[in-house]
Amino acid sequence: MLFNTIRNVYPKFSLFYRKMSTVRCSLYDKEYLPYNHLKTNLSKVRQKLNRPLTLSEKILYSHLDNIEEQEIVRGKSYLLLRPDRVAMQDATAQMAVLQFMSSGLNTVAVPTTIHCDHLIEAFKGGKEDLKLAKISNKEVYNFLSTSSAKYGIGFWKPGSGIIHQIVLENYAYPGSLIIGTDSHTPNGGGLGGVCIGVGGADAVDVMARIPWQLKCPTVIGVNLTGKLSNWSSSKDIILKVADILTVKGGTGSIIEYFGPGAQSISCTGMGTICNMGAEIGATTSLFSFGEPMIRYLNATNRSDIATEASKYKDLLQADENCEYDRIINIDLNTKLCNEYLKLFYKNKQKLMKLFYILFESQGPQLEPHINGPYTPDLATPVSKMGQVAKKNNWPNKIRVGLIGSCTNSSYEDMERAASIARQAYKHGLKAKSIFTVTPGSEQIRATIERDGQANDLRRIGGIVLANACGPCIGQWNRKDVKHGEKNTIISSYNRNFTGRNDANPSTHAFVTSPEIVTAMVLKGKLDFNPLTDELESPNGTKFKLDPPSGVELPSKGFNPGEDTYQAPVEDSSKIEVNVNKNSDRLQLLKPFAKWNGKDLMDCKILIKVKGKCTTDHISAAGPWLKYRGHLQNISNNMLIGAVNAENEKINCVKNYITGTEGKVPDIGAYYRDNNIKWVVIGEENYGEGSSREHAALEPRYLGGVAVIVKSFARIHETNLKKQGMLPLTFINNNDYDSINPDATISIIGLDNFKRGNNLKCIVKSGNSEKTIELSHTFDETQIKWFKAGSSLNYIRSNIQL
């Protein structure tokens with residue numbers, strides 16, 4: 001009955017509150033801005049908590065369902081929320097739509113869009129690559145197009161751009177709550193929204209108008225003082241925060257940027273910072289509403305939203321004296337600025353002392369950084385990269401430089417990179433490395449073609465790729481090095497895990513700002529410092545680069561380019577969505593089995609993972625992306641990138657029934673087919689990175705029952721729960737070391753599986769046996785998912801169509 005009430009009653013109230021505004025949420029929506037409704041909810045929250053609120057708390061809590069009945073405790077309680085929108089990219093949308101189809105629902109209950117950005121492989125250049133993608137992915141694109149039309153979903157065709165850029169340009173607005181089936185959904189925080197990456201099953205909940213569940217985040221504040229100048233950019237802010245917090249330091253937290261320096265950053269620069277919050281495990285990141293957002297809304301034909309938002313500043317800014325769980329201070333003034341201050345005040349020692357006290361109190365000063373390789377939190381200032389690279393024997397020659405992506409392809413980014421390219425061209429200098437440019441959207445591509453930045457970058461050797469994710473997610477047909485060859489690439493992307501960009505584990509991938517990448521490829525060496533070092537032109541003259549420059553928004557306005565949007569149809573009753581049973585790209589889903597009511601006895605350990613294990617290790621992207629809609633086929637890549645602690649090998653584990661070695665997916669399938677349950681053992685921050693729920697679906701499909709680790713990344717832990725698996729953590733991390741890969745694992749006490757109750761685990765190896773305790777974060781609803789076999793099973797059994 002609850003589910004029936006949710007679907008039928010709540011939309012009516014939603015429509016009532018939203019119609020009190022005359023401003024629509026986007027140019028593509030019929031929904032109206034919900035500010036008055038959120039304001040009403042916020043007053044209820046204030047009465048309940050009676051304390052000053054941070055910005056993220058205001059937005060998140062004002063989207064609560066039944067506020068009076070909910071417990072709100074940071075880091076402890078689970079919130080039931082009503083998001084405003086769902087956004088899905090084409091790789092994750094396939095499985096999400098298949099799950100939605102199996103639920104039996106007729107149409108989505110909230111505004112939803114699908115964006116075709118993940119399946120376009122970078123090879124020759126934008127036009128050629130897009131043409132090939134439309135041919136090779138025709139079946140998937142047709143499926144997504146027709147299912148979008150059938151279920152009331154907006155569809156952005158291939159070539160339209162990357163989901164996060166499209167959302168920022170069209171759908172995000174201050175105070176919005178958006179979920180997206182991609183880990184970099186927080187990019188929308190640049191426009192003051194709480195935008196959170198989730199798995200497809202979460203998206204299905206929201207599309208069905210079921211309250212979405214999220215553990216109440218803690219809040220980390222980043223106080224920005226000073227102002228960016230010279231070579232420092234918004235990218236350097238998040239690279240420094242990643243250095244401070246590490247890849248797991250933001251887990252379970254929202255990162256909220258404030259302070260006098262925050263409003264000196266452009267809206268798209270804010271988006272860059274929020275986008276890469278995913279690299280520190282943050283639930284999301286955001287900035288408060290202000291002039292940069294107003295300028296961006298005006299430039300993207302949404303001045304009415306800017307005007308309306310200006311009436312609700314109390315909702316869109318943090319309260320004075322609000323409390324953060326932690327505060328990080330960063331001074332945006334560069335060390336170069338301090339050198340000028342030293343010269344100016346060289347005879348005024350007392351005043352200089354005062355300046356230094358001021359700077360020290362504000363936290364570390366910002367200078368350009370390059371992070372990597374193999375992890376986005378290994379930060380090195382540009383000034384020290386040469387000596388650090390030499391010390392660590394990193395390849396000094398830069399084979400490829402790549403700019404753009406959802407993280408750094410704004411008009412401002414492209415203009416600053418082009419300002420470096422223009423200097424090089426003036427001196428007759430071209431890139432020494434292969435140099436690629438990825439526009440984030442068709443609007444960005446069309447605008448930089450019109451205004452000349454694309455040509456500036458081409459003149460030094462730049463290759464403009466399709467408006468898609470491309471090499472950032474491993475969609476790169478790379479030919480300049482052999483597989484296994486040690487080499488260095490440098491990009492303005494967000495993620496640089498092992499093999500992430502090109503499936504080559506020997507590629508040393510570094511991330512930095514677009515302007516630093518552009519400068520670095522001119523020398524082609526990792527030890528080049530563009531702030532101080534000279535370049536040599538073809539005629540032998542030497543010159544130094546001036547700092548990058550550029551406006552944040554085009555003076556002529558944005559050129560929208562080609563129209564690539566397919567709107568939902570009014571009457572979809574005659575539209576049929578067909579999936580060929582012989583397809584190797586798409587496969588209808590069958591429900592997972594319910595829990596049988598018994599403890600999980602004598603489970604084999606499929607693999608004991610050593611070290612970092614991201615979702616790229618668990619479910620690789622690149623060439624595997626084409627199988628994202630086919631669970632059986634995509635499961636052949638399960639954990640093939642993880643290091644086996646037993647033999648230090650990748651994709652090689654022992655079958656403890658036959659005594660032979662084999663590939664991880666093959667041994668998992670063998671156990672499943674012989675009715676043998678199995679578990680995975682892992683280390684810290686297991687499942688960090690992408691939101692791909694395939695990393696949870698695959699082990700479930702191949703017979704896994706539990707993943708036992710030292711700690712989890714947020715999205716992956718939730719995805720495992722959604723698919724009916726047990727994500728469990730060691731109470732004593734030393735237990736990881738004591739478990740032999742040949743052991744059997746029994747998880748007992750499931751008949752008393754309750755929130756806050758630890759589970760017992762019996763570990764048997766040879767003649768030895770010991771019992772350890774495992775903790776979990778399941779609440780009452782999530783335990784029902786486990787017992788039903790998955791959250792989708794639970795929905796299907798309760799909802800009244």
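User: Why is S409 called buried?
Analyst: This is a predicted model, and in it S409 has 1% relative accessibility. The cut-off for buried is under 20%, so S409 counts as buried.

User: Where does S409 sit, and what does it touch?
Analyst: You'll find S409 in the loop between β14 (398–404) and α17 (411–426). Leaving out residues up to four places away in sequence, S409 touches Q165, G404, M414, T438, P439, G440 and I444.

User: What makes the S409 side chain a partner in polar contacts?
Analyst: Two distances do the job here. The side chain reaches the backbone oxygen of S405 at 2.8 Å and the backbone nitrogen of G440 at 3.0 Å. The limit for a pair of N or O atoms is 3.5 Å, so the S405 pair at 2.8 Å and the G440 pair at 3.0 Å both pass on distance.

User: How do you know that A468 is buried or exposed?
Analyst: Same test: A468 comes out at 2% relative accessibility, so it counts as buried against a cut-off of under 20%. A468 is in the loop between β16 (462–464) and β17 (487–491).

User: Which residues does A468 touch, and how far is it from C116?
Analyst: Not counting residues up to four places away in sequence, A468 touches D117, I120, I162, T438 and P439. T438 and P439 also turn up in the list for S409. As for C116, A468 is 352 residues from it in sequence, yet the C-alpha atoms are 7.9 Å apart in space.

User: What makes helix α24 "mostly covered"?
Analyst: The count does: of the eight residues in α24 (694–701), seven are buried. They are H694, A695, A696, L697, E698, P699 and R700. Those residues pack against α4 (90–103), α21 (615–618), α22 (631–634), β26 (678–681), β27 (704–709) and α25 (714–722). After the helix comes G703, with a positive phi near 100°.

User: Why is the K58 and D319 pair called a salt bridge?
Analyst: Their closest N and O atoms are 2.7 Å apart. The rule asks for a Lys or Arg side-chain nitrogen within 4 Å of an Asp or Glu carboxyl oxygen, so K58 and D319 qualify. K58 belongs to helix α3 (residues 55–61) and D319 to the loop between α13 (313–316) and β11 (326–331), so the bridge ties together parts 261 residues apart in sequence.

User: Are K58 and D319 buried or exposed?
Analyst: K58 counts as buried at 1% relative accessibility, and D319 counts as buried at 15%. Both residues also belong to a salt-bridge network that links R46, K58, D314 and D319.

User: What makes E552 and R295 a salt bridge, and which parts does the pair tie together?
Analyst: N to O, the two side chains meet at 3.2 Å, and the limit is 4 Å. E552 is in the loop between β20 (542–543) and β21 (565–566) while R295 is in helix α11 (residues 291–299), so parts 257 residues apart in sequence get tied together.

User: Why are E552 and R295 called partly exposed?
Analyst: Partly exposed covers what lies between under 20% and over 50%. E552 is at 22%, so it falls in that band, and R295 at 34% does too.

User: How do you know that E780 and R755 form a salt bridge?
Analyst: The N to O distance is 3.8 Å, and that still passes the 4 Å limit. E780 is in helix α27 (residues 780–788) and R755 in the loop between β29 (744–748) and β30 (759–765), 25 residues apart. E780 counts as partly exposed at 48% relative accessibility, and R755 is partly exposed at 36%.

User: How many salt bridges does the rule find, and how many cross from domain 2 to domain 3?
Analyst: The count comes to 37, with one across the interface of domain 2 and domain 3. R500 and D616 form a salt bridge too, with closest N and O atoms 3.1 Å apart.

User: What makes up the interface of domain 2 and domain 3?
Analyst: Domain 2 spans 369–544 and domain 3 spans 600–800. Their centres, over C-alpha atoms, are 37 Å apart. Domain 2 puts eight residues into the contact and domain 3 puts in ten. About 690 Å² is buried between them, 56% of it on carbon and sulfur atoms.

Key. Residues are numbered from 1 along each chain as its sequence is written. This is a predicted model: local features need pLDDT of at least 70, side-chain atom pairs count only at pLDDT 80 or more; totals for chains, interfaces and linings use all residues. Side-chain values use heavy atoms; hydrogens and water are left out. Helices (H or I, at least four residues) and strands (E, at least two) are DSSP runs, numbered from the N terminus. Buried means under 20% relative accessible area, exposed over 50%, partly exposed in between (1.4 Å probe, protein chains only). A polar contact is a pair of N or O atoms within 3.5 Å; within protein, one must be able to donate a hydrogen and the other to accept it, and residues adjacent in sequence count only if both atoms are side-chain atoms. Contact means heavy atoms within 4.5 Å. Domain bounds come from an automatic or database domain assignment. Buried area is the accessible area (1.4 Å probe) that two parts lose on being put together, summed over both.
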